[in-house]
Amino acid sequence: MRPTIKAPRKLIEVALPLDAINAEAAREKSIRHGHPSTLHLWWARRPLAAARAVIFAQLVNDPESLWEHQNPGETPSTQQRGGFTQRRNKLFALIRELVKWENTTSDEVLDRARAEIRRSWREVCELNQDHPEAATLFDPEKMPGLHDPFAGGGTIPLEAQRLGLEAHASDLNPVAVLINKAMIEIPPRFAGREPINPEWQRKSPQEKALRTWVVMHA
Ligand SMILES: C[S@@+](CC[C@H](N)C(=O)[O-])C[C@H]1O[C@@H](n2cnc3c(N)ncnc32)[C@H](O)[C@@H]1O
């Protein structure tokens with residue numbers, strides 16, 4: 001018999017702040033500058049805001065379900081239930097911030113989301129520490145990766161990478177493969193390096209020192 005895996009329900013299985021996600025997904029349609037849709041036309045591109053919210057909510061544990069796994073057979077008190085609601089509301093507030101276009105590159109907001117994802121992963125690892133394959137399946141230092149085998153315009157792997165996961169993409173269509181290479185494979189390889197173009201090379205060391213190159217989270 002295969003050993004059972006203890007898997008608390010994820011936030012997405014309980015509730016989501018859909019109004020905020022919908023509003024940001026609709027707003028994104030009119031945003032051009034800096035949006036991946038300007039890289040290459042992709043006919044079935046999904047909104048970044050929705051993908052970001054869904055990936056986050058699929059990885060974060062629902063507080064009540066986590067408690068049930070940590071305290072099998074017990075019933076939470078009214079006060080504990082209030083605590084679960086409070087914690088859920090905190091996660092919803094984070095999602096409302098996370099889906100805003102303005103926060104797409106906000107390390108302050110993204111770091112909070114990445115920390116919640118890591119925290120949930122550690123909780124799952126702790127629940128499964130007695131699993132016979134815990135060393136490989138539930139290593140708290142090794143986050144699970146994400147693979148989108150139908151990646152299309154790359155919305156899902158791009159957002160997974162933004163949330164700190166190792167992202168993989170594949171697709172039947174070579175155009176989709178090219179878009180994904182341009183969005184999730186090549187940028188992290190060159191992030192943080194100074195340009196090699198002739199205009200930059202002509203700059204003095206003093207001018208160069210005024211610029212720093214942002215390191216992307218891969
Ligand atoms: C709806 S699109 C994905 C859209 C994507 N989530 C986005 O945001 O752009 C579905 C993709 O599945 C791909 N696809 C369909 N059948 C496939 C197959 N058998 N193997 C790999 N990819 C396939 C199509 O080429 C298409 O790019």
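Reader: What does the secondary structure of the chain come to?

Author: This is a predicted model, in which local features need pLDDT of at least 70, side-chain atom pairs count only at pLDDT 80 or more, and totals for chains, interfaces and linings use all residues. Residues are numbered from 1 along each chain as its sequence is written. Helices (H or I, at least four residues) and strands (E, at least two) are DSSP runs, numbered from the N terminus. The secondary structure comes to ten helices and two strands.

Reader: How far apart are the end C-alpha atoms of helix α4?

Author: Helix α4 has 21 residues, 78–98. The expected span is 1.5 Å times one less than the number of residues. For α4 that span should be 30 Å, which agrees with the distance between its end C-alpha atoms, 30 Å.

Reader: Which residues of α4 are buried?

Author: A residue is buried if 20 or more other C-beta atoms lie within 10 Å of its own, exposed if 12 or fewer, and partly exposed in between, with C-beta atoms placed from the backbone. In α4 the buried residues are Leu91, Ile95 and Leu98.

Reader: Why are they on the same side of α4?

Author: An α-helix has 3.6 residues a turn, so residues three or four places apart point the same way. The arc is that of the directions from the helix axis to the C-beta atoms. The buried residues of α4 lie on the same side because they cover an arc of only 60°.

Reader: Which residues are exposed on the other side of α4?

Author: The other side of α4 has these exposed residues: Thr78, Gln79, Gly82, Thr85, Gln86, Asn89, Lys90 and Ala93.
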